[in-house]
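Welcome to a first walk through this structure. Take a moment to turn it around on your screen, and then read on for a guided look at its parts.

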Amino acid sequence: MRRMKKWSLVLVFWLIYLPEAYCWGFFAHQQINYHAVFLLPPEMMVFYKKQLLFLSEHAVDPDKRRYMVAEEGPRHFIDIDRYGKFPYKSLPREWKDAVAVYSEDTLRQHGIVPWWIQTMLFRLTAAFKAKDGPRILKLSAEIGHYIADAHVPLHASSNHNGQLTGQHGIHGFWESRLPEMLAGKEWDYFIGKAEYIDNPLQFIWNRVLESAAAADTVLKVEYQLSRSFPSDQKYAFEERNGVLVRQYSTNYSLRYYEQLNQMPGRRMQQSIYAVASFWYTAWVNAGQPDLKTLINTQFTEADQKDFETLDQQWKDGKIKGKDCN
Ligand SMILES: [Zn+2]
């Protein structure tokens, strides 16, 4: 009996902390990359569609890399409220101007997601120019991750997990619990077509500012709801991926979602559109190379080994450097 009690305590601890280890949740990241493929023009679709599994599976590689490399963490978020008040005019949007005002150390400490996406776009464009199939796929999967993270309100706030307002767990609630509950049923993915982005830096900054503006709502609405909702019904043991876990109850989650005016669903759609449009923009800027010749792209043994190492480190390890939670 005593042994059972001990185990159930361990289990509850694990259940409470596990979902918070992810950004946008693994499920949502995989869905975003997957659905982005269907927004592409036929010349790109011919290559990307064959790689749907790879693109969705590897959408989470950047989160896994946080277990290997300390520099990885800041690429996933920006604590933009560290730079004054909305719309944070004192923070230059260009990297070199921002470094001149705040120093590289400070910028890295508070997160660099809008700038990192530009680096990734540059690399993806170069991979298209070189017609390097494996590199195009790896970079496409990974830029999709960072773009999606930039759409999450709590990735643009220093109160990323409600730690400053007694709302611990809200990070995983918004970006894992709600998508896992609703994405398959409530949200549709008929979003239109990928479009060329004239100014990718400005595009991402707009999305980051939207995220920052929404972060207040995400926190405030949950704060108020938790005060009006019966406290013994806020959490429940319910099924997650076939396992019974203690999590925000279905009723509480649905009420929260309704009070947010379906914001997570909208943000997920916007992420899908943005990911497809960045892929498309890189391809256009590279001169629209013919991708039909890359259809049979295979990864080398060295690539496969890298993927395995990444996976193993994630399974065994601890997050290195600053976490987005
Ligand atoms: Zn992330």
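Helices here are DSSP runs of at least four residues, numbered from the N terminus. With that in hand, look at helix α9, which covers residues 133-150. H145 and D149 both sit in this helix, and because they are 4 residues apart there, about one helical turn separates them. Keep this pair in mind, as we will meet both residues again at the metal.

**How far to trust the model**

What you see is a predicted model. Its mean pLDDT is 90, and 91% of the residues reach 70 or more. Over residues 1-22, though, pLDDT stays under 50. For that stretch the model has 25 contacts beyond four places in sequence. Where pLDDT is low, the predicted coordinates should not be read in detail.

**The chain as a whole**

The secondary structure comes to 14 helices and 2 strands. Along the principal axes, the C-alpha atoms fill a box of roughly 60 × 45 × 35 Å. How does the radius of gyration of the chain compare with that of a compact globule? A compact globule of 325 residues would have a radius of gyration near 20 Å, and the chain has 20 Å, so the two agree.

Buried residues make up 54% of the 325 residues. Take the contacts between residues at least 6 apart in sequence: 77% of them join residues at least 24 apart. On the outside, the chain exposes about 15,900 Å², and carbon and sulfur atoms supply 53% of that area.

**The zinc site**

Which residues coordinate the zinc ion? They are D63 through OD, H76 through ND1, H145 through NE2 and D149 through OD, at 2.1 to 2.6 Å. In sequence, these donor residues follow the spacing D-x12-H-x68-H-x3-D. The short x3 step belongs to the end of that pattern, and H145 and D149 are the pair in helix α9 described above.

The angles among the 4 donor atoms run from 83 to 171 degrees, and the site is irregular. Four donors count as tetrahedral if all angles lie between 85 and 135 degrees, and the range of 83 to 171 degrees goes outside those limits.

Are H145 and D149 buried or exposed? H145 has a relative accessibility of 0%, so it counts as buried. D149 is buried as well, with a relative accessible area of 0%.

**Some residues to find**

Here is a small table of residues with their relative accessible areas, to help you find your way.

| Residue | Relative accessible area | State |
|---|---|---|
| L39 | 5% | buried |
| F47 | 0% | buried |
| Y88 | 8% | buried |
| T125 | 10% | buried |
| K131 | 33% | partly exposed |

L39 is found in the loop between α2 (25-36) and α3. Leaving aside neighbours within four places in sequence, L39 is in contact with I191, G192, K193, A194, I272, Y273 and A276. The C-alpha atoms of L39 and V245 are separated by 35 Å, with their places 206 residues apart along the chain.

F47 follows in helix α3, which covers residues 42-48. Beyond four places in sequence, F47 touches G133, I136, L137, L291, L294, I295 and T297. How many residues apart in sequence are F47 and I78? They are 31 residues apart, and their C-alpha atoms are 33 Å apart in space.

T125 belongs to helix α8, residues 113-129. Not counting residues up to four places away in sequence, T125 touches A282, N285 and A286.

**Backbone details**

The loop between α5 (61-65) and α6 (95-102) holds P87. A cis peptide bond joins F86 and P87, with omega about 0 degrees. Y88 lies in the loop between α5 and α6 too. Although Y88 is not a glycine, its phi is positive, at about 55 degrees.

K131 also has a positive phi, near 50 degrees, and is a residue other than glycine. Where does K131 lie? Its place is the loop between α8 and α9. K131 is partly exposed because its relative accessible area of 33% falls between the limits of 20% and 50%.

How values were computed: Residues are numbered from 1 along each chain as its sequence is written. This is a predicted model: local features need pLDDT of at least 70, side-chain atom pairs count only at pLDDT 80 or more; totals for chains, interfaces and linings use all residues. Side-chain values use heavy atoms; hydrogens and water are left out. pLDDT is the predictor's confidence in each residue, from 0 to 100. Contact means heavy atoms within 4.5 Å. Buried means under 20% relative accessible area, exposed over 50%, partly exposed in between (1.4 Å probe, protein chains only). Donors are N, O and S atoms within 2.8 Å of the metal (3.2 Å for Na, K and Ca); water is not among the atoms, so sites may look incomplete. Four donors count as tetrahedral if all angles lie between 85 and 135 degrees; four count as square planar and six as octahedral if opposite donors are over 155 degrees apart and all others between 65 and 115; anything else is irregular. The radius of gyration is taken over C-alpha atoms; the globule rule is 2.2 Å times the number of residues to the power 0.38. Accessible areas come from the Shrake-Rupley method with a 1.4 Å probe; for residues, only the protein chains shown count as cover.
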